[in-house]
Amino acid sequence: MAPFLVELVHHQQKAIMTNRATTSFPILDVLAERWSPRAFDQSATLTMADLGPAFEAARWSPSANNLQPWSFIVGFRGDETFDAIVATLSGFNASWAPHASALVVTITNTLTASGRQNVSARYDLGQAVAHFSIQAQANGLSVHQMGGFDIETLTDSLGVNEPLEIVTVLAVGPAGDPATLSDEMAERELAPRERKDVSEFVR
Ligand SMILES: Cc1cc2nc3c(=O)[nH]c(=O)nc-3n(C[C@H](O)[C@H](O)[C@H](O)COP(=O)(O)O)c2cc1C
C-alpha cells in the first residue's frame, strides 16, 4: 500500500474506532492508540515495502550481547505462506485472523554463536516485536499477536529447524469495522479495555 494510502487508512481507522487507552500518566499517542483488533480491513493489501518501517524498528531494538536472535516469515493474504499459517490457527483466531493483510511468524534463535543456550532469546524477540508493533501503529497498521496456533504443524510446514523456534504469529493490517465480526467477537472488540493500575505492579 502506498504511504499516502496508509495515512488515509489511519484516518479512516480513527473514524471507525480509536479504542485509545485511558491513562493515569501521559504517554506517547502511538502507545495509547495501540491495541489488538480482530476486525481487519479486508479490502487492504500490503507488500513487503509497507512492512519495511516496522521491520526496521525491530532491527534497531536492543538485545543481549547484540545477538539479534529474531527472524520473521511473512505471508500476505492470498499467498502460500499465508494459507499455511491460517491452516494452523486455533479457536477464534481461525475466524478473524485470515482477514488481516499479512500474517508474520516470529522466530527466535535459542542458541548463542558459541552454541550455548541464549536465555534472552524470547525476551529479545518480544522486544523486537514490541518495536515492530509500535512502528506499525505509527504507520496506520494494527498488529494483533497470537499464541493460539498449532506450533508443531507450523514448524513443519515452514521448515523451521532447531535452534530456531517459532514463538508467535502476528496479524498485521489496517483495522476494520467491528460490524464485520460475529456478535460475540464484536462484543469483545467493543468492550472497555482494562489494565491493572500502575501501583499494583510497581513497588
Ligand atoms: C504472546 C501473546 C499471545 C497472544 N495470543 C492471542 C491469541 O491467540 N488470540 C487473541 O485473540 N489474542 C491474543 N493475544 C492478544 C492479547 O489478548 C491482547 O494483547 C491483550 O488482551 C491486551 O489487549 P490489547 O493488545 O488490545 O491492549 C496475545 C498477545 C500476546 C502478547
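Which residues make a nonpolar surface patch of about 410 Å²? Hi everyone, the answer is Phe25, Val198, Phe201 and Val202. Before going on: this is a predicted model, where local features need pLDDT of at least 70, side-chain atom pairs count only at pLDDT 80 or more, and totals for chains, interfaces and linings use all residues. Residues are numbered from 1 along each chain as its sequence is written, and side-chain values use heavy atoms, with hydrogens and water left out.

Patch members have over 30% relative accessible area and no salt bridge (a side-chain nitrogen of Lys or Arg within 4 Å of a carboxyl oxygen of Asp or Glu); nonpolar side chains are joined within 5 Å, like charges within 9 Å. Areas are Shrake-Rupley values with a 1.4 Å probe.

Phe25 sits in the loop between helix H1 (3–16) and helix H2 (29–33); helices are DSSP runs of H or I with at least four residues, strands E runs of at least two. Phe25 counts as exposed because its relative accessibility is 55%, and exposed means over 50%.

Now to the ligand. It is surrounded by 14 residues, each with a heavy atom within 4 Å. Ser36, His144, Gly147, Arg193 and Arg195 are the closest. S3 (142–146) and helix H5 (93–96) each give at least two shell residues, with S3 supplying the largest share, 3 residues.

As for polar contacts (N or O pairs within 3.5 Å), a polar side-chain atom of Ser36 is 2.5 Å from a ligand oxygen, and one of His144 is 2.8 Å from a ligand nitrogen. Alone, the ligand exposes 620 Å², and the protein buries 59% of that. Thanks, everyone!

How values were computed
Buried < 20%, exposed > 50% of the residue type's maximum accessible area, 1.4 Å probe, protein only. Polar contact = N/O pair within 3.5 Å; in protein donor to acceptor, adjacent residues only side chain to side chain.
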